[in-house]
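Me: Could you walk me through this model, one short question at a time?

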Amino acid sequence: MNLENIENEYRTNEENDVHYMTLALSAAENGMGRTAPNPLVGAVIVKDGRVLSVGYHARYGEAHAEVHAIRQLSESAEGATIYVTLEPCSHHGKTPPCVEAIVAQGISRVVVATLDPNPLVSGRGIKYLKDHGLDVTVGICEAEALKINEPFFHFIQTRTPLMVLKTAMTLDGKIATVSGESKWISSEASREYAHRLRHRYAGIMAGIGTVLADDPSLNARIPGGVDPHRIIVDTHGRIPLTAKVLNLTDSSGRTIIATTAKASAEKVTALKGKGAQVLILPEKEGHVDLSALVKALGDLDIDSVLIEVGSELNFSLLKDHLIHRVIAFIAPKLIGGKTAKSPIGGEGLHQLKDAIQLENLEVQMMGEDIMITGKIVQEVICSQA
């Protein structure tokens with residue numbers, strides 16, 4: 001008996017399921033940054049206490065995790081169990097139905113972390129497997145599966161991207177000194193993690209003020225990183241043609257300029273000549289209508305956006321109910337200053353009862369900084385506004 005079998009003797013069936021599903025979740029993360037707007041999915045095939053193969057969805061349009069795992073087999077999977085982090089598909093899309101491939105292998109049991117919210121799939125994959133005599137278990141490590149695919153679940157249900165506000169501030173709530181200096185408030189570990197976030201999310205949004213002041217590249221500077229699509233909110237079309245975001249020659253992401261009719265036709269033509277995609281959007285209160293922008297990004301199949309804009313635009317996004325999650329890095333520094341900016345500007349709220357609430361908080365150390373993440377409680381956002 002091999003070590004895996006010995007280990008299994010000391011685990012209950014449910015513990016075994018959790019163990020193998022955890023392996024599948026880990027495998028799923030190998031596709032991070034490359035599958036959007038499809039989900040991250042991992043699959044593990046197990047027989048007699050042995051892992052026969054591991055697969056994952058590596059890239060949009062390529063084989064799904066279940067098929068990838070089947071292709072890795074070096075022996076028969078008849079009578080085996082397959083652990084999958086998302087309900088296997090039952091429809092013909094860019095690839096054939098995964099449920100058919102599972103049945104064809106003679107696999108006898110399927111363990112699924114969570115159902116697929118896609119109306120083309122939801123529940124149908126499970127029904128197909130059961131109708132073909134397979135034993136199906138659903139809900140193992142469901143919370144973890146929902147977490148890694150938060151962008152996908154949001155996008156498939158709303159057809160708009162998950163909007164994630166990221167900010168770094170001092171302990172006294174400042175994002176820059178009174179002179180405007182902001183490099184670097186956060187620690188090196190926090191900055192490295194921020195680049196991993198850029199790798200994870202499909203788009204990154206910045207305002208024209210940030211571009212004019214800092215001329216950022218907005219790419220993912222980590223080994224093997226996939227650049228997000230760069231979305232610049234620029235009401236008047238002021239972005240210089242020399243801006244770095246318009247001149248990245250080796251980036252996998254494209255640059256999208258969100259502007260209005262206030263931008264000159266000549267500038268729009270010049271931006272397109274630089275390879276940028278230009279969205280001419282309606283105005284709201286003299287600026288780009290942010291709700292229209294978010295809808296347009298969804299139409300472009302951008303399932304998630306990391307927001308790295310200034311304090312004024314942050315408030316506008318919050319006021320329009322367009323931010324879903326917040327990631328805040330808090331550095332152990334104090335800089336003071338009545339005019340030093342905080343992460344959220346704008347006109348602000350007048351009463352505490354209107355404060356924007358966060359839930360499902362997670363707190364962890366990131367180098368010397370504290371990282372706090374939370375989901376915005378949508379029903380109480382800016383009830384005053």
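Me: Is Arg50 buried, exposed or partly exposed?

Reply: Some ground rules: this is a predicted model, where local features need pLDDT of at least 70 and side-chain atom pairs count only at pLDDT 80 or more, while totals for chains, interfaces and linings use all residues. Residues are numbered from 1 along each chain as its sequence is written, and side-chain values use heavy atoms, with hydrogens and water left out. Buried means under 20% relative accessible area, exposed over 50%, and partly exposed in between (1.4 Å probe, protein chains only). With a relative accessible area of 27%, Arg50 is partly exposed.

Me: Which residue does Arg50 meet in a salt bridge?

Reply: A salt bridge here is a side-chain nitrogen of Lys or Arg within 4 Å of a carboxyl oxygen of Asp or Glu. For Arg50 the N to O distance is 3.0 Å, and the partner is Glu75.

Me: How many residues apart in sequence are the parts that Arg50 and Glu75 tie together?

Reply: Helices (H or I, at least four residues) and strands (E, at least two) are DSSP runs, numbered from the N terminus. Arg50 lies in strand S2, whereas Glu75 lies in the loop between helix H3 (65-71) and strand S3 (81-84), so the pair ties together parts that are 25 residues apart.

Me: Which residues make a nonpolar surface patch with Val54?

Reply: Patches take residues with over 30% relative accessible area and no salt bridge; like charges are joined within 9 Å, and nonpolar side chains (Val, Leu, Ile, Met, Phe, Trp, Tyr) within 5 Å. Areas come from Shrake-Rupley with a 1.4 Å probe, and for residues only the protein chains shown count as cover. Val54 sits in strand S2 (residues 50-56) and is partly exposed at 39% relative accessibility. The patch covers about 200 Å², and Val54 shares it with Leu23 and Val51.

Me: In what order do the nine strands of the open sheet run?

Reply: Two strands count as paired if DSSP finds at least two bridges between them. The pairing is mixed in this sheet, and the order is S10-S9-S8-S7-S13-S6-S14-S16-S15.

Me: Which strands stand at the edges of that sheet?

Reply: An edge strand has a single partner strand, so one side is left without a neighbour in the sheet. From one strand to the next, the twist averages 20°. The edges are strand S10 (277-280) and strand S15 (358-366).

Me: What is the bridge partner of Gly203 in S13?

Reply: Strand S7 (residues 203-207) and strand S13 (residues 304-307) run parallel, joined by three bridges. For Gly203, the partner in S13 is Val305.

Me: At about what angle does helix H11 run to S8?

Reply: Axes are lines fitted to C-alpha atoms, for helices over the stretch in contact, and angles between N-to-C directions run from 0 to 180 degrees. Contact means heavy atoms within 4.5 Å. Helix H11 (residues 290-299) lies across several strands, including strand S9 (255-259) and strand S8 (229-233), and its angle to S8 is about 160°.

Me: Which residue forms a salt bridge with Lys295?

Reply: Lys295 and its partner both lie in helix H11, four residues apart, or about one turn of the helix. The partner counts as exposed at 54% relative accessibility. The closest N and O atoms are 3.3 Å apart, and the residue is Asp299.

Me: Is Lys166 buried or exposed?

Reply: Lys166 is in strand S6. Leaving out residues up to four places away in sequence, Lys166 touches Ala194, Leu197, Leu306, Ile307, Glu308, Ile327 and Phe329. At 17% relative accessibility, Lys166 counts as buried.

Me: What is the omega of the cis peptide bond that joins Lys183 and Trp184?

Reply: Most residues other than glycine have a negative phi, and most peptide bonds are trans. Trp184 belongs to the loop between S6 and helix H8 (188-200). Its cis bond with Lys183 has an omega of about -5°.

Me: What is the phi of Glu285?

Reply: Glu285 is in the loop between strand S11 (283-284) and strand S12 (287-288). Glu285 counts as exposed, at 63% relative accessibility. Phi is positive here in a residue other than glycine, near 55°.
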